[in-house]
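User: I'd like to go through this structure with you, one region at a time. Can you take my questions as they come?

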Amino acid sequence: MRTLLIFLFLTANLYAQNDDYFQQKVAYAIQAELDDERHLLHAQLDLTYENNSPDTLRQIAFHCWPRAYASDETALAAQLLRQGNTDFHFAPPSARGNLDSLSFTANGRPAEHATDETHRDIVWVALPEPLLPGTSIALSTPFRVKIPESFSRLGHVETSYQMTQWYPKPAVYDRDGWHAMPYLDRGEFYGEFGSFDVSITLPRNYRVAATGTLETAAERQWLRELAVADRRDLAVRQDLEDYFLYEAFPASEREQKTIRYSAENVHDFAWFADKRFKVLHDTLQLTERAGAVDVWSFFTETEAAYWKNSLTYLKRATRFYSDHIGVYPYPQVTGVQSALSAGGGMEYPMITVIGLNDTEKDLDQVLAHEVGHNWFYGILGSNERDHPWMDEGLNSYYEWRYLREYYPEEEGDLDFLGQPVDFHRLGYRYMALLGRDLAPDTRSDSLVDMHYWIAAYSKPALALQEIAAYTGEHALDEAMRFYYATWKFRHPGPEDFFRTLEGTLSPALGRAFRDAMATRKISDWNVADWTPGDPSTARFWQLGDRMAPATAQLILAEKGAGSTVTVDPQEQYLAEDLPLSLGVELPAALNPLDLYLHNNRQGNNALRLSLLTAPERPGGRQLFVTPLLGYNATDRVMLGAGLHNRTLEPKRLEWALAPMYSFASDALVGFAGLRWRLREPFPFARQLMLSAGTQGFHDFSFAEENYHYTRAALRAELTFRDHPLTERHRQLSFQLINLSRFRPRFGNSGNLIGTDRRENQFFRLAYAQRKDREINSRSWTIRLEYKTEDSRRDSPLETAHLRLDTEWSGGYQYEPERFFRWRFYGGYFLDNDLRERASYPNTALSLVDNASSDYAADGLFLGRGGTGIYAQQLETRQGGFRAPIAPAFTFGRSNDYLLAVNLDATLPFQPERFPFGVFLDAGTYGFRPTSSEPARGEFRWVGGLSVTVLDGRIGAYLPLVSDPDTRLLLEQRGGLSERISFRISLADWLPWKWMDEVF
């Protein structure tokens, strides 16, 4: 009785807060005919639109989403490029799609329509007379769909068809007005609930899977007969494949058939047709439901070894969601394996399409997730374009529960060096620790790259995990059942779900979940003041700005854990009379949104030593060791070990120590460093990173003695907050470098008398900005550098300077994986005592960026002596010339100014695996042949062939043409092999840099 009263109270309360809610209703009748020779669909739409709003409507917005495939000017085309997908951009017109031949009538009268000014896949139909509240209108139009090749959801691969978002569809009109939205590859759809009566005419040998009930008795009988035969065949076959297998498409029969489907209480209709489909069928009986559910599976020979068990996966997923959320209301559920270019799977009412999978478990997981969308998307018809977490996030939580139930032995999503890794927790914390996370309640078309996965899928599911750990899964399921019962076949919004949690669980939990979805607030519990053995003395502090619940675990044995104990967001202590324990911990799995884990444990916190790296664990006392092997021309082979504390996730304080023993120098060399991150120090910045580092190697030999250099640097780097949609990245940095080089000292008679120390400091202030775009990327840097004079060194070349550098680079992808890239560089000494001299130290501007011109030891070179093959290693700073001219020459050196351009083009008409190209470098600089002569402008250029891999990180360059002076110096090096230059961007392979670019 008490439960009934609570239910009635909550229902009344929720509805009272939504007394302005209304919902339009639509009824579709569509007749469509497939022309599979020209990949066209000719169709007629008859629609009844019921206006249940309090408003008088004078126009209706229609989605004509196949038009998104018509040009490069659509939102779909722009989004595909942002995602790095160029297939559509480079597709010929014959491969693209469209929707045309519209001619609307309203209640039999002509109705004008106009294309939206911003999005061509939206059409506004002007009604001949206003549509009053409580009335309906009959709308009709013919339409034709040019079916594109498979670039996203709608499309075809030869004569396999995926007909989704294929018909003119009224946009949702609710209390917020019209929701007319363009078609996107990432970002789902929003539709009015209603009914469908769809007839499809196509060649007789097609097997069709669709939303709704198949009303054509003969077709239904034929599919059932196919299902019996295919089940029998699959049971005895020993040659089933589990990888992609090209299966020839049978010719289409001349005889046509018309099949009819009907569906109620759905907001979309999709169908899939393929003459190669194998078919399986079964039924599922659910409690609390009269009548069995038909379960269908359609798939090709590809991965038949997995799909032969697909009915089992479909049935148990449907039962799982029915048991935990609410009974499945539709008459059938179908899984289809077909071409899909928009992720692993895609959901539609009563049917889902799945791409290829690596394992049988992967297929089970994707089917469960997509079947779950019948609840979150199909029945609970939220606006996923505005609130993607309401679909993907809620569904992902139950998908994870499904996996734990049927695959309990498997921990984590990934295996890293034998350790399970929860990729979702890792992804959220990674982005949040770097200040790159976004609130889940962000429009899906404003979420790009990893932000969409983390905000729409991971963080909402993790927030539900946090609540379930605190309340128990049963209590959360009860709240979800209430939400389902209240809002099924309607359009709930975020506030409706938040109020459900507040009313069924507690206001505090509702607020915590609301903050997790609508803000970027973080939760960070600190466990402190623990008296060994007595967990009730442990004190819990909320250090974050999100008041989240916590679930603690008592550590009762050296390697075991006891029962869990909850901590209310407002409390600081655990309950009294708890058993004695070795420690108290807030496990990451029970507190998945707790951002910092180093302070989540007290007691029994032994240091853990591991190879390479590992996931972060509560307590944070982790040490990692990595064997190191190095080489340079002076130290030769170096062996050592890298020690560091960097886990898979960024840490506030990270350090690394990498000593190596040089066999040639008989000395220790290597590097060490630390850095400290401050998350969001200012409203306009996402991160401030302070770092310090030192390195020391031998780089010079004389009289069988090796001499070394040491470099110490401090750096402050401020990264600005830029929305990912802008594709812009901005950084402001300040750096202080102290460079000491140790060289032989000679007496007046030329004899070696000791070691000379040469020391300089460099102060650098730099601003960098780049736009990461797939077709035409851009970057720009400006840097001011001040170099100090070494007062202890008496040399005319030892002077201070103040230099301004700028670099502007970009590229254009003119064919798939074929680029034209350019780089402009300009350098000018604002102050330089050597400007009037003809002496050119290694700090002079240089056309050639080799080890000699790397005067502050910024790069990593195999040899700094500047001879032999080591002189052929070049980098891209300053002039960036790809001409290995010995540093003994004054070629390309200037104490005044230098301007340079570097051009690269990948050659067309070659397979993608052969990245051959051409390059051209040109530059002009101020040069004095002698101190007594006036300065003059010199112009040099060189061009040739290149081969690059790993996005240009490794390259080889052969100069073939150049100006006479450059050619003469190149010829002095010897044959072609001595003229080749190469780049190995060793700095790009440093562990920290690699790890910070994982996401």
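Analyst: What follows is a conversation about a predicted model, taken up region by region.

User: Let's start with the open sheet. What is the strand order?

Analyst: The order is 20-21-22-24-23, which makes five strands in an open sheet with mixed pairing. Strand 20 (278–284) and strand 23 (345–348) are the edge strands, and each has a single partner strand, so one side of each is left without a neighbour in the sheet. On average, and with direction ignored, neighbouring strands of this sheet are turned by 15° against each other.

User: How does strand 23 pair with strand 24, parallel or antiparallel?

Analyst: Strand 23 pairs with strand 24 (residues 351–354) in the antiparallel sense, over four bridges. In that pairing, Met346 stands opposite Val353 of strand 24.

User: And which helix packs on the sheet?

Analyst: That is helix 6 (residues 360–372), which touches strand 22 (332–337), strand 23 and strand 24, and whose direction makes about 145° with that of strand 24.

User: What comes after helix 6, around Tyr377?

Analyst: Tyr377 lies in the loop between helix 6 and helix 7 (392–406). Its phi is near 135°, a positive value in a residue other than glycine, and Tyr377 is buried, with a relative accessible area of 4%. As background, most residues other than glycine have a negative phi.

User: Where does Glu727 sit, and what is its phi?

Analyst: Glu727 is in the loop between strand 39 (705–720) and strand 40 (728–746), and its phi is positive, about 60°, although Glu727 is not a glycine. Glu727 counts as buried at 17% relative accessibility, because buried means under 20% relative accessible area.

User: Changing topic: which residues have the most contacts inside the largest nonpolar core?

Analyst: They are Phe143, Trp166, Trp271, Phe497 and Phe513, in a core of 157 residues. The largest share of this core comes from helix 9 (residues 450–471), with nine residues. A second, separate core has 21 residues, including Phe891, Ala900, Tyr957 and Leu970.

User: What does Trp271 touch?

Analyst: Leaving out residues up to four places away in sequence, Trp271 touches a set of residues that includes Leu41, Tyr161, Met163, Trp166, Ile200 and Val208.

User: Tyr161 is in that list, so to speak; what can you say about its strand?

Analyst: Tyr161 belongs to strand 11 (residues 160–163), where Tyr161 and Met163 point one way, Ser160 and Gln162 the other, and all are buried. Strand 11 runs antiparallel to strand 10 (residues 155–157), to which three bridges join it, and Tyr161 is the bridge partner of His156. Strand 11 is also joined by three bridges to strand 19 (residues 271–274), again antiparallel, with Tyr161 opposite Ala273.

User: How many residues lie between strand 10 and strand 11?

Analyst: Two residues lie between them in a hairpin, and Glu158 in the turn has a positive phi of about 55°.

User: Back to helix 9. How does it pack with helix 12?

Analyst: Helix 9 and helix 12 (residues 507–518) pack at an angle of about 160°, with their axes 10 Å apart, and they are therefore roughly antiparallel to each other. Helix 9 passes helix 12 in a right-handed crossing. On the helix 9 side the meeting residues include Pro460, Leu464 and Ile467, while those of helix 12 are Leu509, Phe513, Ala516 and Met517.

User: And how does helix 8 cross helix 9?

Analyst: The axes of helix 8 (residues 423–433) and helix 9 come within 9 Å and cross at roughly 115°, and this crossing is left-handed. Among the residues making the contact are Phe423, Tyr428 and Met431 of helix 8 and Trp453, Ile454 and Leu462 of helix 9.

User: One last pair. Are Thr966 and Asn605 buried or exposed?

Analyst: Thr966, in helix 13 (residues 964–971), is buried, with a relative accessible area of 0%. Apart from neighbours within four places in sequence, Thr966 is in contact with Ile885, Phe891, Arg940, Trp941 and Val942. Asn605, found in the loop between strand 32 (601–602) and strand 33 (608–611), counts as buried at 18% relative accessibility. With the neighbours within four places in sequence again set aside, Asn605 is in contact with Arg617, Pro618, Gly619 and Arg621.

Notes: Residues are numbered from 1 along each chain as its sequence is written. This is a predicted model: local features need pLDDT of at least 70, side-chain atom pairs count only at pLDDT 80 or more; totals for chains, interfaces and linings use all residues. Side-chain values use heavy atoms; hydrogens and water are left out. Two strands pair if DSSP finds at least two bridges between them. Axes are lines fitted to C-alpha atoms, for helices over the stretch in contact, and angles run from 0 to 180 degrees between N-to-C directions. Contact means heavy atoms within 4.5 Å. A nonpolar core is a set of buried Ala, Val, Leu, Ile, Met, Phe, Trp, Tyr and Cys residues joined through side-chain atoms within 4.5 Å. Buried means under 20% relative accessible area, exposed over 50%, partly exposed in between (1.4 Å probe, protein chains only). Angles under 35 degrees count as roughly parallel, over 145 as roughly antiparallel, 65 to 115 as roughly perpendicular and the rest as oblique. A crossing is left-handed if the near helix is turned anticlockwise from the far one by less than a right angle, and right-handed if clockwise.
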